[in-house]
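Me: I am new to this structure and would like a close look at a single part of it. Please take your time and connect that part to the rest.

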Amino acid sequence: MASTDGTTTPTLLEKAPAPLEAVSLDKSWDPTKLSWQRKAHIVIAGFTCTFNGNMGSSMPSGALDAIAEEFNVSQKIHLTLLNSLYMIGYVLGPLIFGPLSEYIGRRPVMIGTFLGYLVFTLACSGAPTYGALLALRLLCGINAAAPTTVISGLYADILDNPSQRGFALSTYMTITTFGPMIGPIISGYSSPVSWRWPFWAAGLIAAPGLPIVLTIPETFAPVLYNKMIKERIKGGSHAAGCTSTELQPFNVRKIFLRPMTLLVTEPILFSTAIYLALAYSVFYLLFQAYPIVYQDFYGLAPGPAALAYLPVALGVILSMAVFYVFNNYYDKSARAGQHWAQREINRRLPIACIASPCMTISLFWLGWTTFRGISPIVVSLGGILWGVGFQLIFMGMSNYLTDVFRQHSASAQAASSMTRSIGAVVLPLAAPAMYGDLGLHWAPSLLAFIALAMGLIPFAFIRYGDALAKRSRYAQAVDLPKE
């Protein structure tokens, strides 16, 4: 019988009943034993889901004028809701889908939510009223949030090597970060034709990913183990004394409580969530701040103004190079027996330590180069440092969370995702008032000072992280044995 990874395995019906020892030793269900081709398929499916969901989050940003004209919306705060309600979905979705993936498995969550995102995105193009459009944006966001929560657990399921897992997660973060920056460019150039075109474009981009996502296998070990036991019993194999892993029944109360419990009881998770929330909030603030700077102040059209996101994209690419170089350096140092590289914690956190200076300089750059006599191109170049800093903090801190909360990583990531999504809802709503009260120079400067202070967190984890993990009920110390 052909298995899902393309290998051939004899069916249990063709074999004599297996003794208990064979059942216990059989690891064919183990997701870490999948072929590298199948693992690559799973990794790419993660890229596909999250890239599209993230792109959808900012898709209306370049079409605000066209949408305002279509639905007679005059208040900027009402237009901000197009992105903010989507991000509210990123608050609600992780609370459900992260823990749910630990109950019913990763596959149904990934497939169901990707289909939901595609359906509701296409439905946005036919919204009869502005209220209906806002409601559909909320539903899009709820579904789009699932992969951002599940991916860390999905990759941890199949990649038990920390180096491979970190490489996969960092590549995933780099690719998916392009989504929000591409959205405004697509909508900026397509919305003059029709306000519906940005949503049609998002659907057309997502549709080719359907075969990749629909064929993703299950990877959650308890679900696969239980399935193997049931198949052996059904096929007549001797499985007496070999019990299934108990999966708790679907319980809405527990699903909502687990991420919140982790958030309020785990200092590592709370501190990381707050730092990531700052970076994520400022990132989405840019989708409100850039139109103020480049369209209102410099007078650029939506399409050319959206090109200001390209330096941020360049910074994201550069951050990937930084990560690869450092990761290779760490691996070589570990193999050489160097003392500093014998702590797994030093694989993740040093790159996060670089993030704060990059983000701080970038925000000051945005604030203090915005003058009439300075070209908007010069202003936008500061986005390179923002892209580097923003990406490095997620590469370092999100990987660190997965390492520390390995078994409960989906719930930990759900709590982190919920926290940063709340920030991504609230801070962009304050953008018009912030820029109105503080001005073009001091609004980003205030955020720069906060980023500088938050930058102490990864340094503190390097010193105290293992001690905190050892005292935790859910975490584990990350000084793992080298493989």
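How many of the 23 residues of α2 are buried?

Reply: This is a predicted model, in which local features need pLDDT of at least 70 and side-chain atom pairs count only at pLDDT 80 or more, while totals for chains, interfaces and linings use all residues. Residues are numbered from 1 along each chain as its sequence is written, and side-chain values use heavy atoms, with hydrogens and water left out.

To take your helix: 19 of the 23 residues of α2 are buried, so α2 is largely enclosed by the rest of the structure. Here buried means under 20% relative accessible area, exposed means over 50%, and partly exposed lies in between, with a 1.4 Å probe and protein chains only. Helices (H or I, at least four residues) and strands (E, at least two) are DSSP runs, numbered from the N terminus. Helix α2 covers residues 36-58 and reaches 34 Å from its first C-alpha to its last, close to the 33 Å expected at 1.5 Å a residue, where the expected span is 1.5 Å times one less than the number of residues.

The setting of this helix is a protein with 21 helices and zero strands, and buried residues make up 60% of its 483 residues. If contact is taken as heavy atoms within 4.5 Å, then among contacts between residues at least 6 apart in sequence, 83% join residues at least 24 apart.

A second helix can be set beside α2. Helix α18 (residues 383-404) is mostly covered, with 20 of its 22 residues buried, and its end C-alpha atoms are 31 Å apart, which agrees with the 32 Å that its residues should span at 1.5 Å a residue. Ile393, leaving aside its neighbours within four places in sequence, is in contact with Tyr275, Leu276, Ala279, Ala352, Ala355, Met359 and Ser398.

Ile393 also belongs to the largest nonpolar core, which has 137 residues, and is listed with Tyr130, Leu133, Tyr155, Trp386 and Met397 as touching the most other members. Such a core is a set of buried Ala, Val, Leu, Ile, Met, Phe, Trp, Tyr and Cys residues joined through side-chain atoms within 4.5 Å. The largest share of this core, 20 residues, comes from helix α12 (residues 267-297). Apart from the largest core lies another, of five residues, among them Trp29, Leu224, Met228 and Ile229.

Charged side chains give one further link between helices. The count comes to one salt bridge, that is, a side-chain nitrogen of Lys or Arg within 4 Å of a carboxyl oxygen of Asp or Glu. The side chains of Asp157 and Arg106 form this salt bridge, at 2.7 Å from N to O. Asp157 lies in helix α6 (residues 130-158) and Arg106 in helix α5 (residues 106-124), so the pair ties together parts that are 51 residues apart in sequence. Asp157 is buried, with a relative accessible area of 12%, and Arg106 counts as buried too, at 3% relative accessibility.

Cysteines add no such link, for the count comes to zero disulfides, a disulfide being a pair of cysteine sulfur atoms within 2.5 Å. The sulfur of Cys140 is 4.1 Å from the closest cysteine sulfur, in Cys124, too far for a bond.

In contrast to the buried residues above, Arg473 is exposed, with a relative accessible area of 72%, and has its place in the segment after α21 (456-470).
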